[in-house]
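Hi,

Here is the structure I promised to pass on. Have a look at it first, and my notes follow below.

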Amino acid sequence: MALDAGLVGRSYPPSAVYEVGREKIAEFATALGDADPVYRDTAAARAAGHPDVIAPPTFAIVLSLGAGNVVVSDPEVGIDYSRVVHGEQRFTHHRPIRAGDRLVATATIDAVRTVAGNDMLTTRVDLATTDGEPVCTTHSMLVARGTA
Amino acid sequence: MSPRPVDVTVGTELPEQVSRVTRADLVRYAGASGDLNVIHWNERVAREVGLPGVIAHGMLTAGLAARAVTAWAGDPGAVVEYSVRFSRPVVVPDDDDGAELTVRGRVAALLDDGRVRVDLTVTSGGEKVLSLARAVVALG
């Protein structure tokens, strides 16, 4: 079934607060085989001009996945998750995510398209601190194969 | 050591990065990212849904590719934008060698305020696995 164009602009309630832990950042960097000290050592991060250790550029996917699941499981979106693959991903960093950040994720449906029988759903997730400082914006495009 | 903006021009190439992705890397990334999709660790289920075998998380491939940019930039915080399109799955065999991933990059455009656009070519076994893989890096 083709996605309803009326879904564009639909926004979801903000997520629970996610506190960025330094061990989580280190774990994520290790999973990428990245030994850069700026992800682990506060002194190295400060030498690079950051207040504390920062996260790799793709770390925001951890929060973006959770917020995006809210959209995918919306019955009014009606996407068949078993047929979904990740089509595209974009990160726009307003500043690096860092240890100690208390972040809230807000998901919005940015675009829906149907091309050659495949439904495509683009979700924007805005990550901001609990004080309202924008930190990162992610765009995820999911493709539901052959469902339209 | 970060590249100085004055030394960077359109066509400047990043050092090539070759890495390997094994099943153990997939398990580690699943835990770190929270993406527990079964197709990244269960051969039976991967085949049932029509894949040739267990495949790497697209975001693991994208994260490894981004490493080539952060290493070149010197400060990972200099990567202000990063985008990828997942064009082909990386099949990870059940052996000690895993799949090979090669990342090449070149500066494709000089933007305002000392920022540059880097275009990446990311291949596994000679096939492109990401397309339109691009980063915007704030130099200096």
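Let me start with a question: is B:Arg28 buried, partly exposed or exposed? Keep in mind that this is a predicted model. B:Arg28 turns out to be partly exposed, because its relative accessible area is 42%, and the cut-offs are under 20% for buried and over 50% for exposed.

B:Arg28 also has a partner: its side chain meets that of B:Asp25 in a salt bridge, at 3.1 Å from N to O. Both residues sit in helix α1 of chain B, three residues apart, which is about one turn of the helix. In an α-helix there are 3.6 residues a turn, so residues three or four places apart point the same way. B:Asp25 itself is one of the buried residues of α1(B), a group that also includes B:Leu26, B:Tyr29 and B:Ala30. The cover over those buried residues includes parts of both chains: α1 and α3 of chain A, plus β1, α2 and α3 of chain B. After α1(B) comes B:Gly34, with a positive phi near 85 degrees.

Helix α2 of chain B has a salt bridge too, between B:Glu48 and B:Arg44, with the closest N and O atoms 3.8 Å apart. These two are four residues apart in the helix, so about one helical turn separates them. Both B:Glu48 and B:Arg44 are exposed.

**How the two chains meet**

The contact between the chains involves 28 residues of chain A and 26 residues of chain B. Together they bury about 2200 Å², with 61% of that on carbon and sulfur atoms. On the chain A side, A:Ala31, A:Leu32 and A:Pro57 supply 22% of the area buried against chain B, more than any other three residues.

For polar links, the rule finds nine residue pairs in polar contact across the interface. The elements of chain A that give two or more residues to this side are α1, α3 and β2. β2(A) gives the largest share, eight residues. Sorted by class, the chain A side has 13 nonpolar, nine polar and six charged residues.

There is one salt bridge across the interface. A:Glu88 forms a salt bridge with B:Arg85, and the closest N and O atoms are 3.1 Å apart. The strands meet here as well: β2(A) and β2 of chain B run antiparallel and are joined by five bridges. One pairing to look up is A:Arg90, whose bridge partner in β2(B) is B:Ser83.

**Inside chain A**

Chain A has three helices and five strands, in the order β-α-α-α-β-β-β-β along the sequence. Its C-alpha trace spans about 55 × 35 × 20 Å along the principal axes, and 49% of its 148 residues are buried.

Strand β5(A) is a good place to look: ten of its eleven residues are buried. Nine bridges join β5(A) to β2(A), in antiparallel fashion, and in that pairing A:Phe91 stands opposite A:Thr138. β5(A) also pairs antiparallel with β4(A), through ten bridges. There, A:Leu121 has A:Leu142 as its bridge partner. β4(A) and β5(A) make a hairpin with four residues between them, and A:Gly132 in the turn has a positive phi of about 90 degrees.

The loop between β4 and β5 also holds A:Glu133, whose partner A:Arg95 lies in the loop between β2 and β3, 38 residues apart. Their side chains meet in a salt bridge, 3.0 Å from N to O. The two ends differ in cover: A:Glu133 counts as partly exposed at 34% relative accessibility, whereas A:Arg95 is buried at 11%.

**One more strand in chain B**

What lies on the covered face of strand β1 of chain B? The residues there are B:Gln17, B:Ser19 and B:Val21, while B:Val18 and B:Arg20 make up the uncovered face. In a regular strand the side chains alternate between the two faces of the sheet. β1(B) runs antiparallel to β3(B), with five bridges between them, and B:Gln17 stands opposite B:Val103.

Over all chains, the salt bridge count comes to 18.

Cheers

Notes. Residues are numbered from 1 along each chain as its sequence is written. Chains are lettered from A and ligands numbered from 1 in the order in which they are written. This is a predicted model: local features need pLDDT of at least 70, side-chain atom pairs count only at pLDDT 80 or more; totals for chains, interfaces and linings use all residues. Side-chain values use heavy atoms; hydrogens and water are left out. Contact means heavy atoms within 4.5 Å. Buried area is the accessible area (1.4 Å probe) that two parts lose on being put together, summed over both. A salt bridge is a side-chain nitrogen of Lys or Arg within 4 Å of a carboxyl oxygen of Asp or Glu. A polar contact is a pair of N or O atoms within 3.5 Å; within protein, one must be able to donate a hydrogen and the other to accept it, and residues adjacent in sequence count only if both atoms are side-chain atoms. Ala, Val, Leu, Ile, Met, Phe, Trp, Tyr, Cys and Pro count as nonpolar, Asp, Glu, Lys and Arg as charged, and the others, Gly among them, as polar. Two strands pair if DSSP finds at least two bridges between them. Buried means under 20% relative accessible area, exposed over 50%, partly exposed in between (1.4 Å probe, protein chains only).
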